[in-house]
Structure formats: C-alpha cells, structure tokens
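Q: Got a minute to go through a structure with me? I'd like to talk strands and helices.

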Amino acid sequence: MRRSLVLAGGGMRVAWQAGVMRALEEEGLEFQHIDAASGGILTAGMLLSGLSSREMCERWSGVDVKDFGSALPFGDYLKGPWSLPAIGDADGILDKVFPALGIDDAAIRARAAEPGAVEGSFNVVEFTEKRCHAIDAREIDAELMAAGMSLPIFLTPLRRDGKIWTDAVWIRDANVAEALRRGAQEVWLIWCIGNSPYWGDGPLEQYVHMIEMSAAGALLADFEAAAAAGREFVLHVIRPEHPLPLDPEFYLGRVDADTLISMGYRDARAYLDSMTPDGLAKDARCTSMTEPAPGVRFIDALHGEVDGQPLAFRAAVVMPSQRGDGTPQLSGYLDHPRFGRVFLADGRVEVDGEDLSYRARVLLDGGWQDLALTRTLHDDPGPDAWSDARNARLELGGQKVELTMGLGDAAALLASVEPVGAHGFAERAQAVARFTANGFRELLRRY
C-alpha cells in the first residue's frame, strides 16, 4: 500500500510533530511520500535530510526559539506600522534554525534523486498568481522552504526573479490533494493547528482563527474533491485532544520543546492504540478538538539513581481546577544513560487519599512496561513539610527507585505553572494564583 505522510503547519509548535514521528517510527510505519505546509516544512525537512525520529527530538531540545525571529534593517521600522514590511525576516530560520534542526537542502535534493527514494513536496504560495506550488524535493532550496513558513505580517516574503513567495497556509495547510495525485492509498495526516469551537477576542486570537478556518476549509475541499472524483483512500489523523499552546507561549518560555515533543508522543500513541484499518471519516470531525477544562499545566521533575547512574523523570501535568470538570492529562519521559530517553504513553493522574500518582507505559528493551510514580503529600508533625513533599517512589518493571525533587526542581515547577482553559488576563491570573498559593495539597483536596 502506497502511504503518504501529510504534515500540516502549526508554527514553532511543530516540535510536537517530532514526538509523533518517534511513535510512528517505533511502529515501523514507512512512507513513500512526505508533504509539508507552513511549519510542517521543518518536520519534512528533517525527515528528508535523513534524520531519525530520535535525532529529531534531540535537535528540537537544543533549539533556541528566539532564533526564529530576526530583525529587519532598522530603517524599515522607521516607516511606521502602516508601511512596515513585516515584524521580522527569515534570516534566523535560514542561518540558525535550519542548521540547529539538521535541515540541509543540498542533502534533501541529493537523497530525493536516489533510486527508490522517499518522495517529498513542500507547499509554497506564489503571490502574483495566488497559487500554491507543491515543490518537489528534487527542486527545493532553503530559501523556498523558509518562504513556505513566512507567515504574512510576521515574516517578509521571498522575492525572487520577479515573483513573491510566501506561506501557503491561507490556501492550504495540509495538501491531501498532492498526496492523492502521487498515488497515495493511505494518508497519515499530522495536524497540530487548533480546531475547536472556541472563538476568542483580540487580534492574535482572531488571526489564529483565520488560519484555522483557511486550513480546515481547504482540507474539507480536498476531501470533497476526492469524493467527487471517486478517489478512495484510507485516512488516519493524529491530532491533540485540546489545542496546543500558541507560539507566543513557546517563544516566551511558558512551554518548551521537550513538553511539546512528549505531548506529540502521547497523542500519537493514543491514536495508534485506538485506530482501525478503515481509518477515519473524511469530514470535519477528523481534526476536531475540544477546549480543556479550566485548570493549570505544570512541569514536575524528580531525580534519582539506578545502578549508580542518574535517572531523571519529567512530566507535564494538566490538572482541572475541580473534580468532574475534566480529565487530568499526563505526558513526559524518563532519561537514563542505559536507555536514553523514553516517552510516556497512556499517561494518567490518579489521586488516592494523600497519594498523587502518575501512571503510564514506556517502551523499554523492546517491550511495554508499566510505570508508576507516587508522591505522598502528607505533612507529618514538625518542621519537615519540604521533606514530606519532595520524595517520590518510582516503580518500573518490578524495580523500585526513590526519587527526589531538588530546590531547583521546585522553583522550576512553580515557574512553569500556566493556566489552561482560562481566557483573559483576570481568569488566567486567578488560575495561577490559586495553584501557587495552595499547590499539590489543594489539588488533592479538590480530588
């Protein structure tokens, strides 16, 4: 069966896609064609440059997201807001982000020319004709790839040979039509742009909504055109359950690449565990998401030793404010020199009295093993509240390990607290204040 991987956009948040690719690679899925639009160009560029999913995750961990932004010549800013070409240009992407991610346009072209190579296509819009070009990997270059990610207002377009090239998102954000044109019988759509019923106020929220409408509308048009032509194919879609944090949260350090990667792995494993050979219906439901219940997201990190070598546990936890308002979410990973980094699948949070437990599965030594990390949040009499809260028990594959939270970990946890499902300054501030004031014990009381 000829299989295409279609990578939709999502800005810098496409770090999430590296976690998805880790899960797909573990499953042994192979693709004969890879198509990308907007931010998905980063993922396709890494894959077609020859990187493994493990290397993709490692490289995203080392990216400085500030490198995505680079300034225009100072004189451009003196033109005033109504004549400003854009907020910045693509030099940071070309000179820093591509090298950091291992994206090499020469390697992409060379590999694409090899017999039996995976085909690749990169979507870029030529503005004069208002037309989306799916540029073949044998003809792509770094400037065109960067142009395909140059969202108007934020980045200047590429001007070359009398033509203007820019981001394709306003025409299509996932080119299923190109996959079908190349003979795909099975399409795996990796979708991380938001698609929930929530309508937010303010220019940023509504700019994002316009992208969502363009992306989803074009996808549905591809489905309808295929149906009208009698073109049958199997559709699989991996997407988050709730919309991912927007790019400003990534840029400002409110979420990081490691968290997004672990979320991508979690979401891919959730789909792989529930998928059927027939795939999904080709309608609006395939990319739909729901808004999370009001609550907070925080990073919980602990450390210990196994066989004299350091073991690190890191979890991104989303906790609703009240029981019954929603289901807690868990993603994360374990680090150890023997097995490297393994990600959590089927993560869940359980509360039993004063015990807060994180439970998940990890793929280790060729098989799935159950993981449980439990912290007892009980303050014994005496001035030892910190000792009572900082220790945890990790159970993995029949082995038990004591982990501890250092002062730096505790400070990082508090700094990582971000509201979810809360909109507007007052709601967001209230959610964070409630958690930082009461912490874990308050969460247990509520649950």
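A: Sure, here is a short chat about some strand pairings and one helix contact. Keep in mind that this is a predicted model.

Q: Okay, strands then. In which sense do strand 14 and strand 15 pair, and over how many bridges?

A: They're antiparallel, with 10 bridges between residues 355-364 of strand 14 and residues 367-376 of strand 15.

Q: And which residue is the bridge partner of D355 in strand 15?

A: That's T376.

Q: What about the hairpin, how many residues sit between the strands?

A: Two residues lie between strand 14 and strand 15, and D365 takes a positive phi there, near 55°.

Q: What does strand 15 do with strand 16?

A: Strand 15 also pairs with strand 16, residues 391-396, in the antiparallel sense, over four bridges. For L371, the bridge partner in strand 16 is L396.

Q: Switching to helices. At what angle do the axes of helix 2 and helix 3 cross?

A: Roughly 130°, and the axes come within 10 Å; helix 2 covers residues 40-48 and helix 3 residues 53-61. That angle is why helix 2 counts as oblique to helix 3.

Q: Is the crossing left-handed or right-handed?

A: The crossing of helix 2 and helix 3 is right-handed.

Q: Which residues make the contact?

A: Helix 2 brings L42, T43, M46 and L47, while helix 3 brings M56, R59 and W60.

Q: How do those residues divide into nonpolar, polar and charged?

A: For the contact of helix 2 with helix 3, it's five nonpolar, one polar and one charged.

Definitions and conventions: Residues numbered from 1 in each chain as written. Predicted model: local features only at pLDDT ≥ 70, side-chain atom pairs only at ≥ 80, totals over all residues. Heavy atoms only, no water. Pairing = 2+ DSSP bridges. Axes fitted to C-alpha atoms, helices over the stretch in contact; angles between N-to-C directions. Parallel < 35°, antiparallel > 145°, perpendicular 65-115°, else oblique. Left-handed = near helix turned anticlockwise from the far one by under 90°. Contact = heavy atoms within 4.5 Å. Nonpolar A, V, L, I, M, F, W, Y, C, P; charged D, E, K, R; others polar.
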